[in-house]
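Visitor: I'm new to this one, and I'd like to learn how to read it. Could you walk me through a few features, one at a time?

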Amino acid sequence: MSLFKQSRLLALCRSSGRLSPTPSGVVGKCHRLSARFRHKSSSDLIANDAVQRHIRNLRVEYSDVTTQLHKGDVSESDRRALIRRQVALSPVANALKRAEDAAGDLLEVESLLQSRTQDTQMLDLLREEKCQITKRIEALNKNLIQTLVPVEEHDSSNVILEVAAGRTTGGDICQQFSREMFSMYQGFASYKEWDFEVFNYTPADYGGLHHAAVRISGENVYRWLKFEGGTHRVQRIPEMGLSSRMQRIHTGTMTVIVLPQCDEVEISIDPKDLRIDTFRSRGAGGQSVNTTDSAVRIVHLPTGTVAECQESRSQLQNREAAMRLLRARLYQSTVGKQTEQRHTARRQQVGTRAQSERIRSYNFSQDRVTDHRIGYVTRDIKEFMRGGEQLDELISDLLDHSECEALLELVENADCARRRQSHSVEPSPKTRLDSQH
């Protein structure tokens, strides 16, 4: 089935009301969805003219590569390059074929529904079949978008995740909220069956948390957590003090930092550049405090980067954990220096911790969580803070929007490249005049 027919079928699906719109209000360069595609489904994006041209070009290229491979006069080096390109294009070709097959099935069902059959039972079955196929088309188009968007380098990496209470506003409420956020990510790691290894946990008074750093490892951890980095705002009535008796709402912030954990080969650290200090672990007192200097703090002297770990009673284990944390911070700093358009990911996520930089708000008084990048709103905040299905659903929406935005940028860049190429080969006015003479 042609792409034009598929576009018409997708339009038919949308007019049937089966495809639900996506949330709006995306902001921020990395997470924003173009205004042209707010309230649109993935099928709307696939039906876009620019995306259709991009798909058509990939299909032609895949066909050309396959044809070239069947020729006998291809050199060995060219054959290897063609095979690599065919392997890269195969997921797109296969995903497109499945989506087109489903669109063809929908066309058949629509044709039968318009045949004016008087069999009520048959009509009910056809409507049910149409609903199922429409849902399948939406899922297949989401998969097609994923195959069209290049995989980010660190999506499969484990992460170093840090939570830190805001220093400018909120006081105790920030520290309490930081502890709840730490528990939320611990619950999310359990929900996704990831490993959750605590490097550092610095408690505050009244059961709050100043700062914590953990290593989360599992399948595609960075892909799922990379959008959690930034300023999170809390609005609630404190449980203690004068404000609680006056029912006065306080506002505070905390910061989440998400760094991909790099491999050992990705960055080298000269031992001469390190200062390693040991000290006794800090805690609430009693048996929870170590009686030996097992906690470790490592300072990278050239950059002033600091990492510490005090969770284990073994100084050696704490030193290894602190080195992993330091390596992740140094690697992210190195990547940031190579990117002129933004600061390092760590500084970008920490920002000034001002409320204007918030990516998400947690309003306990109104029982509401709002992600400001995509306008996502959910209720039952206590359930959300458990780090289970609701958080998973929100992150899935963030991933969908990010992939849509990445696809739009990809096709726009491809169009610009083709236009530049066409202008470069187009003869100048003087050349055309000379050729006419």
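Visitor: Let's start with R275: is it buried, exposed or in between, and how do I tell?

Guide: This is a predicted model, and you go by the relative accessibility computed from it. Buried means under 20%, exposed means over 50%, and partly exposed covers what lies in between. R275 has 40%, so it counts as partly exposed. D277 has 23%, so that one is partly exposed too.

Visitor: What does R275 form with D277?

Guide: First the general idea: side chains of opposite charge can pair when their charged atoms come close. In this case, R275 and D277 form a salt bridge, and their closest N and O atoms are 3.3 Å apart.

Visitor: How many salt bridges are there by this rule?

Guide: The count comes to 21. Another of them joins D371 and R360, with 3.1 Å between the closest N and O atoms. D371 sits in strand β10 (residues 368-371) and R360 in strand β9 (residues 358-363), so this pair ties together parts that are 11 residues apart in sequence. Both D371 and R360 are buried.

Visitor: Which residues are linked with D371 and R360 in a network of salt bridges?

Guide: E228 and R373 are, so to speak, the other members: the network links E228, R360, D371 and R373.

Visitor: What about E403 and R223, which parts do they tie together?

Guide: Look at the side chains, which meet in a salt bridge at 2.9 Å, N to O. E403 belongs to helix α12 (residues 389-425) and R223 to helix α7 (residues 221-225), so the pair connects parts that are 180 residues apart in sequence. E403 counts as buried, at 12% relative accessibility. R223 is buried as well, with a relative accessible area of 19%.

Visitor: Which residues does V149 touch?

Guide: Leaving out residues up to four places away in sequence, V149 touches E403, A406 and L407. So E403, the salt-bridge partner of R223, turns up again among the contacts of V149. V149 itself lies in the loop between α5 (120-148) and β1 (159-165), and at 12% relative accessibility it counts as buried. You can also check it against V92: the two are 57 residues apart along the chain, and their C-alpha atoms are separated by 9.8 Å.

Visitor: V92 is in a helix, right? At what angle do α3 and α4 pack?

Guide: For a helix pair, look at the angle, the axis distance and the residues in contact. Helix α3 (residues 49-69) and helix α4 (residues 76-113) pack at about 130 degrees, with axes 9 Å apart. That makes α3 oblique to α4. The crossing of α3 past α4 is left-handed. On the α3 side, the contact includes I55, L58 and Y62, and on the α4 side V92 is one of the residues, along with L82 and L89. By class, the contact has 11 nonpolar, four polar and five charged residues.

Visitor: One last feature, backbone angles. What is phi of E193 near?

Guide: Here you look at the sign and at the residue type. Phi of E193 is near 60 degrees, a positive value in a residue other than glycine. E193 lies in the loop between α6 (172-191) and β2 (195-203), and it is exposed, with a relative accessible area of 73%. D367 also has a positive phi, near 55 degrees. D367 is in the loop between β9 and β10, and it is partly exposed at 33%.

Methods: Residues are numbered from 1 along each chain as its sequence is written. This is a predicted model: local features need pLDDT of at least 70, side-chain atom pairs count only at pLDDT 80 or more; totals for chains, interfaces and linings use all residues. Side-chain values use heavy atoms; hydrogens and water are left out. Axes are lines fitted to C-alpha atoms, for helices over the stretch in contact, and angles run from 0 to 180 degrees between N-to-C directions. Helices (H or I, at least four residues) and strands (E, at least two) are DSSP runs, numbered from the N terminus. Angles under 35 degrees count as roughly parallel, over 145 as roughly antiparallel, 65 to 115 as roughly perpendicular and the rest as oblique. A crossing is left-handed if the near helix is turned anticlockwise from the far one by less than a right angle, and right-handed if clockwise. Contact means heavy atoms within 4.5 Å. Ala, Val, Leu, Ile, Met, Phe, Trp, Tyr, Cys and Pro count as nonpolar, Asp, Glu, Lys and Arg as charged, and the others, Gly among them, as polar. A salt bridge is a side-chain nitrogen of Lys or Arg within 4 Å of a carboxyl oxygen of Asp or Glu. Buried means under 20% relative accessible area, exposed over 50%, partly exposed in between (1.4 Å probe, protein chains only).
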